[in-house]
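Reader: I would like a close look at a single part of this model, namely the sheet and what lies against it. Please take me through it step by step, and end with one residue inside it.

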Amino acid sequence: MRLGLRHTAQGLCRRVKPLQCERQAAGFDLMIFANSYSERWFSFFHAGIAESRTVQEVDFICACAPFPGFRKVLDVCCGMGRHARALCSSGYSVTGVERDTAAIGRARELAGGPNYIQADVRDYQPEASAYDLAIIMSQSFGYFDDATNRDLLRRLGMGVREGGRVILDLWNLEFFVTHQGERKFDLPDGIVRERKWVEDGRLFVHLDYPDGGSDDFEWQLFTSAQMTSLADSVGLALMVSCTDFDMRTEPSPAKPRIQFVLERRSA
Ligand SMILES: C[S@@+](CC[C@H](N)C(=O)[O-])C[C@H]1O[C@@H](n2cnc3c(N)ncnc32)[C@H](O)[C@@H]1O
């Protein structure tokens with residue numbers, strides 16, 4: 001599908017679909033234009049995530065913030081709540097925040113203990129020091145411009161107590177710089193074609209689905225040095241950067257994912 005360029009409310013020039021431009025012109029909610037995870041995306045890439053992947057990720061979270069020293073967890077951009085449910089079953093008390101109506105509806109149906117709040121993360125302000133831990137899993141950070149990303153991290157940091165932690169599971173910029181271009185996902189419901197590219201530290205992804213539909217995503221990515229500096233600017237300290245959900249494994253340009261564990265400093 002042809003892509004257009006348009007300035008958004010955030011001052012960024014994004015690649016958007018013509019239909020989206022029309023909706024923007026008609027005054028629809030601006031949030032539909034970038035990083036809006038479609039029903040197709042949830043069906044192809046989220047609903048069928050293997051239990052083993054969730055277990056590995058949750059084991060990592062539990063190792064970084066062990067219960068009961070860390071009890072109250074905020075799961076930011078929680079999707080259908082796979083981490084939230086698993087953490088509740090280990091004793092944590094979890095609140096999930098998610099914008100997508102269908103995803104949060106499914107999370108509520110699946111129940112299992114978490115409390116859910118439907119909100120755009122940009123509008124969500126946790127109470128000061130309300131949580132012991134905030135988690136942002138599967139590249140759910142970096143959607144916005146620098147100031148908005150920073151402000152989000154600041155608010156999440158203020159939402160955890162002193163000594164509380166923030167875990168970010170993100171894409172590794174160094175990997176994607178050398179893995180741009182096209183590939184196909186041969187999935188049970190058909191082939192999804194992906195095109196991705198990096199510009200000025202942002203990763204852009206365009207997906208074409210078998211029925212002709214498409215999605216566009218983009219994220220600001222962070223090296224360990226950039227995350228150290230961002231965290232520092234909002235009162236958080238980088239404790240760990242690693243990959244493979246293993247605190248002992250250094251991030252590597254050969255690995256697509258990177259995990260950061262931040263800790264809120266004392267005032
Ligand atoms: C890649 S999925 C990750 C879901 C979940 N964290 C996981 O690992 O399974 C990203 C999620 O972020 C949500 N999301 C994206 N932008 C958001 C925003 N501005 N506010 C709240 N949720 C948002 C999407 O709806 C989607 O559920």
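Author: What follows starts with the chain as a whole, goes on to the sheet and its helices, and ends with a single residue.

This is a predicted model, and its chain holds eight helices and 13 strands. Of the 267 residues in the chain, 33% are buried, and among contacts with a separation of 6 or more, 58% are between residues 24 or more positions apart.

The part you ask about is an open sheet of seven strands, which follow one another in the order β5-β4-β3-β6-β7-β13-β12 with mixed pairing. Its edges are formed by β5, residues 115–118, and β12, residues 236–242, each of which pairs on one side only. From one strand to the next, the twist averages 20 degrees.

At the β5 edge, the neighbouring strand β4, residues 93–98, runs parallel to β5 and is joined to it by four bridges; Thr95, for instance, has Asn115 in β5 as its bridge partner.

Two helices that pack on the sheet can be described in turn. Helix α3, residues 51–64, touches β6 (131–136), β7 (160–171) and β13 (257–264), and its direction makes about 150 degrees with that of β7. Helix α4, residues 82–89, touches β3 (72–76), β4 and β6, with its direction at about 175 degrees to that of β4. Strand β6 is thus touched by α3 and also by α4.

The largest nonpolar core has 51 residues, and those with the most contacts inside it are Leu133, Ala134 and Ile135. The element that gives the most to this core is β7, with six residues.

Ile135, the residue I would end on, has its place in strand β6. It counts as buried because 29 other C-beta atoms lie within 10 Å, where 20 or more are enough for that class. Leaving aside neighbours within four places in sequence, Ile135 is in contact with Ile61, Val73, Asp75, Val76, His83 and Ile167. These partners can be set beside the elements already described: the range of α3, 51–64, takes in Ile61, that of α4, 82–89, takes in His83, and that of β7, 160–171, takes in Ile167. Ile61 illustrates how the fold brings distant positions together, since Ile135 and Ile61 are 74 residues apart in sequence and yet 8.1 Å apart in space, C-alpha to C-alpha.

Key: Residues are numbered from 1 along each chain as its sequence is written. This is a predicted model: local features need pLDDT of at least 70, side-chain atom pairs count only at pLDDT 80 or more; totals for chains, interfaces and linings use all residues. Two strands pair if DSSP finds at least two bridges between them. Axes are lines fitted to C-alpha atoms, for helices over the stretch in contact, and angles run from 0 to 180 degrees between N-to-C directions. Two residues are in contact if their C-beta atoms, placed from the backbone, lie within 7 Å. A residue is buried if 20 or more other C-beta atoms lie within 10 Å of its own, exposed if 12 or fewer, and partly exposed in between; C-beta atoms are placed from the backbone. A nonpolar core is a set of buried Ala, Val, Leu, Ile, Met, Phe, Trp, Tyr and Cys residues joined through C-beta atoms within 7 Å.
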